[in-house]
Amino acid sequence: MKRTIESLNPRLRGWANYFGLGESKQAWEELDGWIRRRLRGLIWRQAKTRRRRTELLRKGGLTEERAWHSARNGHGPWWNAGASHMNHAFPKAFFDRLGLVSLASTARYLQRLA
């Protein structure tokens, strides 16, 4: 995940720089949420098995029962990436700690400079 974020960050910064003068704060926040959802889906796919998904969700702070039911829900990666169990296990702060660039904050910073 760290390597994925490291390769993604320069593109996000460039994109925010190119479109940074836009006035829509909500659009930037929606894009940030969409990117985090895609990354949560990637985490879900990388776990592959129900057992590993259960362990991953337990490490993320879910109870044993909730992690077990969430790992066996039968839905795909996109649905699970937007579900509350993944948002609880991998909140925005998780991606901030990994160094993911926020498009909203980068755009605000660039607008102050302009």
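In this predicted model, residues 24 or more positions apart account for 69% of the contacts in the protein with a separation of 6 or more. The secondary structure that gives rise to the fold comprises eight helices and zero strands, and the pattern read along the sequence is accordingly α-α-α-α-α-α-α-α. The C-alpha trace spans about 50 × 25 × 20 Å along its principal axes. Of the 114 residues in the protein, 32% are buried.

The largest nonpolar core contains 20 residues, among which Leu57, Phe95 and Leu100 touch the most other members. Two or more residues are given to this core by each of helix 1 (2–19), helix 2, helix 6 and helix 8 (103–113). The contribution of helix 2, five residues, is the most that any element makes to this core.

Two of these highly connected core members, Leu57 and Leu100, may be described through their surroundings. Leu57 is found in helix 3. With a relative accessible area of 1%, Leu57 falls under the 20% cut-off and therefore counts as buried. When residues up to four places away in sequence are not counted, Leu57 touches Trp44, Leu62, Ala67, Ser70, Ala71, His85, Met86 and Ala89. Leu57 and Asn9, by contrast, lie 48 residues apart in sequence and 25 Å apart in space, C-alpha to C-alpha. Asn9 is instead one of the residues touched by Leu100. The full set of contacts of Leu100, again without residues up to four places away in sequence, consists of Ile5, Leu8, Asn9, Leu12, Ile35, Arg36, Leu39 and Phe95.

Ile35, a contact of Leu100, has its place in helix 2. The relative accessibility of Ile35 is 12%, and this residue is therefore classed as buried, the limit being under 20%. Beyond its neighbours within four places in sequence, Ile35 is in contact with Leu8, Leu12, Leu100 and Leu103. Leu8 and Leu12 also appear among the contacts of Leu100. The C-alpha atoms of Ile35 and Ser24 are separated by 17 Å, the two residues being 11 places apart along the chain.

Helix 3, the location of Leu57, has a buried side formed by Arg53, Thr54 and Leu57. Seen down the axis of the helix, these buried residues fall within an arc of 100°, and they therefore line one face of helix 3. The packing partners of the buried residues are helix 2, helix 4 and helix 6. On the face turned away from the buried side, helix 3 carries the exposed residues Arg51 and Lys59. Helix 3 is followed by Gly61, which has a positive phi, near 110°.

A comparable description applies to helix 4. In this helix, residues 64–71, the buried positions include Ala67, Ser70 and Ala71. Viewed down the helix axis, the buried residues lie within an arc of 95°, so they line one face of helix 4. The cover over these residues includes helix 2, helix 3 (50–59), helix 5 (77–82) and helix 6 (84–89). Ala67, Ser70 and Ala71 are also among the residues that Leu57 touches.

The loop between helix 2 and helix 3 contains Lys48. With a relative accessible area of 63%, Lys48 exceeds the 50% limit and is therefore exposed. Most residues other than glycine have a negative phi. In Lys48, a residue other than glycine, phi is positive, near 65°.

The structure also holds one cavity of 30 Å³ or more. About 40 Å³ of space lies in the largest cavity. Helix 2 (25–47) and helix 7 (92–98) are the elements that give two or more residues to its lining. The lining itself is made up of Asp32, Arg36, Lys92, Asp96, Leu100, Val101 and Ser102. By residue type, the lining divides into four charged, two nonpolar and one polar. Leu100 thus takes part in the lining of the largest cavity and belongs to the largest nonpolar core. Arg36, another lining residue, is in contact with Leu100.

Definitions and conventions: Residues are numbered from 1 along each chain as its sequence is written. This is a predicted model: local features need pLDDT of at least 70, side-chain atom pairs count only at pLDDT 80 or more; totals for chains, interfaces and linings use all residues. Side-chain values use heavy atoms; hydrogens and water are left out. On a 1 Å grid over the protein atoms alone, a cavity is a set of points where a 1.4 Å probe fits but cannot get out, and a pocket is an open set with protein on both sides within 12 Å along at least five of seven lines; lining residues have an atom within 4 Å of a point. Grid points are joined across faces, edges and corners, and a volume is the space filled by probe spheres set on the points. Helices (H or I, at least four residues) and strands (E, at least two) are DSSP runs, numbered from the N terminus. Ala, Val, Leu, Ile, Met, Phe, Trp, Tyr, Cys and Pro count as nonpolar, Asp, Glu, Lys and Arg as charged, and the others, Gly among them, as polar. Buried means under 20% relative accessible area, exposed over 50%, partly exposed in between (1.4 Å probe, protein chains only). The arc is that of the directions from the helix axis to the C-beta atoms. Contact means heavy atoms within 4.5 Å. A nonpolar core is a set of buried Ala, Val, Leu, Ile, Met, Phe, Trp, Tyr and Cys residues joined through side-chain atoms within 4.5 Å.
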